[in-house]
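Hi,

Here is the structure I said I would pass on. Have a look at it first, and then read my notes underneath.

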Amino acid sequence: MVDISSTKGELRLPLFNFPKNSVALVTGAGSGIGFATATLLSQVGVITYGLTKIADDKPEISHGLIRWLVADVSDRDQVDSAISRVREEHESLDFLVSNAAVVRHAPVGDVLISDLKYMLDTNLIGYFNLMGSALPLLKKSKAASVVAVSSIHAQTTSRMVSGYAATKGALVSAVKASALDLGADGIRVNVVLPGSVDTPMLRASANLRFPENPDAQIDEWGRSHPLGRILEPEEVAHAIIFLGSPMASGITGATLIVDGGLSAKLAL
Ligand SMILES: NC(=O)c1ccc[n+]([C@@H]2O[C@H](COP(=O)([O-])OP(=O)(O)OC[C@H]3O[C@@H](n4cnc5c(N)ncnc54)[C@H](O)[C@@H]3O)[C@@H](O)[C@H]2O)c1
């Protein structure tokens, strides 16, 4: 439904069309894509909870009205505590963004199982912890949706990230199956696959793997994208929020690639 009310005679489209008093929760909200998503959601009037792993993860400057929660998504008890605070303050949860993740780099023969478990616990088990804990609240919403943030590495990948890519591929499968489980409840579940995005995770990877000149490496990654640059966190946040919003009411079980054209390109 388009809001054609106007203050100066011009057509005004409400951003993303979230109903009044919609409630959202974004994990990994202290930085990067999660912070951009939580900030934009709060700016379009959604009551937004931002979940961070430790209290100090909260950014000093926040341009929205984000309500902060602290929990390690790999720990079900901590997730339950965070969700119970949302339940105390609201009757339902309308939009869940499962975004928190970690990455460890190594060639496949050198992957430490402890690193693999760490990535699985955060990137995959974290999603199931959130779903298990938040589902009763999501079911109370009139139009709930979930967006998980995977990676283009789920589909087309590179060296040194076999463990991370595995967690992200599994997450895409989990989302598709979840959409089938929850369709009858009217809950949509979708997944976004970002390419290279200018966040602390990407910069840490560049610093670790190319310590002699990480900025040059990031520029090179950018040039390899058809758009000629890496993406800004807000560009991914827009896709996440679109999928979670009533504008995407017919979309569930879908994967949305936001990669500046990277995966469309043959390396010829
Ligand atoms: N930056 C990229 O190029 C890129 C590309 C593809 C996918 N992604 C994905 O985008 C999402 C956001 O990453 P980002 O790039 O903004 O990086 P980021 O490191 O800035 O954000 C990840 C956030 O998750 C939090 N986190 C990590 N473990 C946690 C845990 N156990 N519990 C709660 N919070 C935890 C971190 O503290 C951090 O704030 C991730 O799922 C990542 O895999 C990023």
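Below is what turned up when I went through it, region by region.

First, a word on confidence. This is a predicted model, so please read everything here in that light. The average pLDDT over the chain is 94, and 94% of the residues score at least 70. The stretch to be wary of is residues 1-7, where pLDDT stays under 50. For that stretch the model has 7 contacts beyond four places in sequence.

Now the overall layout. The domain assignment splits the chain into domain 1 (23-195 + 232-259) and domain 2 (200-230). Their C-alpha centres are 24 Å apart. Where the two meet, 5 residues of domain 1 are in contact with 6 residues of domain 2. On the domain 1 side of that contact, the residues come out as 1 nonpolar, 4 polar and no charged.

Next, the core. The largest nonpolar core has 75 residues, and V192 and I240 are the members that touch the most others. Helix α3 (residues 113-139) gives this core its largest share, 9 residues. Both domains take part: at least three core residues come from each of domain 1 and domain 2.

V192 is worth clicking on. Setting aside residues within four places in sequence, V192 is in contact with V147, V149, S150, V236, A239, I240, L243, L256 and V258. So I240, the other top member of the core, is itself on the contact list of V192. S150 is on that list too, and S150 has a neighbourhood of its own that I looked at.

S150 is in the loop between β5 and α4. Is S150 buried or exposed? It counts as buried, because S150 has 29 C-beta neighbours inside 10 Å and the cut-off for buried is 20 or more. Beyond four places in sequence, S150 touches K168, L171, V172, V191, V192 and L193. There is also a long-range pairing to look at: S150 and T255 are 105 residues apart along the chain, with their C-alpha atoms separated by 9.2 Å.

I152 sits in the loop between β5 (145-149) and α4 (162-182). I152 is buried as well, with 21 other C-beta atoms within 10 Å. Leaving out residues up to four places away, I152 touches L193, P194, G195, I257, D259, L262 and S263. L193 is among the contacts of I152 and also among those of S150. As for V189, that residue is 37 positions from I152 in sequence and 18 Å from I152 in space, C-alpha to C-alpha.

On to the ligand. Which residues come nearest to it? Of the 27 residues around the ligand, those are G28, G32, A101, T199 and M201. By class, the shell has 11 nonpolar, 13 polar and 3 charged residues. Two helices to highlight here are α1 (32-43) and α5 (200-209), each supplying at least two residues of the shell. The ligand shell, like the core, draws on both domains, with at least three residues from each of domain 1 and domain 2.

Last, a couple of backbone oddities. Most residues other than glycine have a negative phi. F16 is not a glycine, yet its phi is positive at about 65 degrees. N21 is another residue other than glycine with a positive phi, near 65 degrees. F16 is in the segment before β1 (23-27), and N21 is in the segment before β1 too.

How do F16 and N21 stand in terms of burial, and which neighbours does F16 have? F16 counts as partly exposed because it has 19 C-beta neighbours inside 10 Å, while the cut-off for buried is 20 or more. N21 has 12 such neighbours and therefore counts as exposed.

F16 also turns up beside F242, a residue of helix α7 (residues 233-244). The two are 226 residues apart in sequence and 6.3 Å apart in space, C-alpha to C-alpha. F242 is in contact with F16, M247 and A248, leaving aside neighbours within four places in sequence. With 16 C-beta neighbours inside 10 Å, F242 counts as partly exposed.

If you only have a few minutes, I would start with V192 and its contacts, then move to the residues around the ligand, and finish with F16 and its positive phi.

Cheers

Methods: Residues are numbered from 1 along each chain as its sequence is written. This is a predicted model: local features need pLDDT of at least 70, side-chain atom pairs count only at pLDDT 80 or more; totals for chains, interfaces and linings use all residues. A nonpolar core is a set of buried Ala, Val, Leu, Ile, Met, Phe, Trp, Tyr and Cys residues joined through C-beta atoms within 7 Å. Helices (H or I, at least four residues) and strands (E, at least two) are DSSP runs, numbered from the N terminus. Domain bounds come from an automatic or database domain assignment. A residue is near a molecule or strand if its C-beta atom, placed from the backbone, lies within 6 Å of it. Ala, Val, Leu, Ile, Met, Phe, Trp, Tyr, Cys and Pro count as nonpolar, Asp, Glu, Lys and Arg as charged, and the others, Gly among them, as polar. pLDDT is the predictor's confidence in each residue, from 0 to 100.
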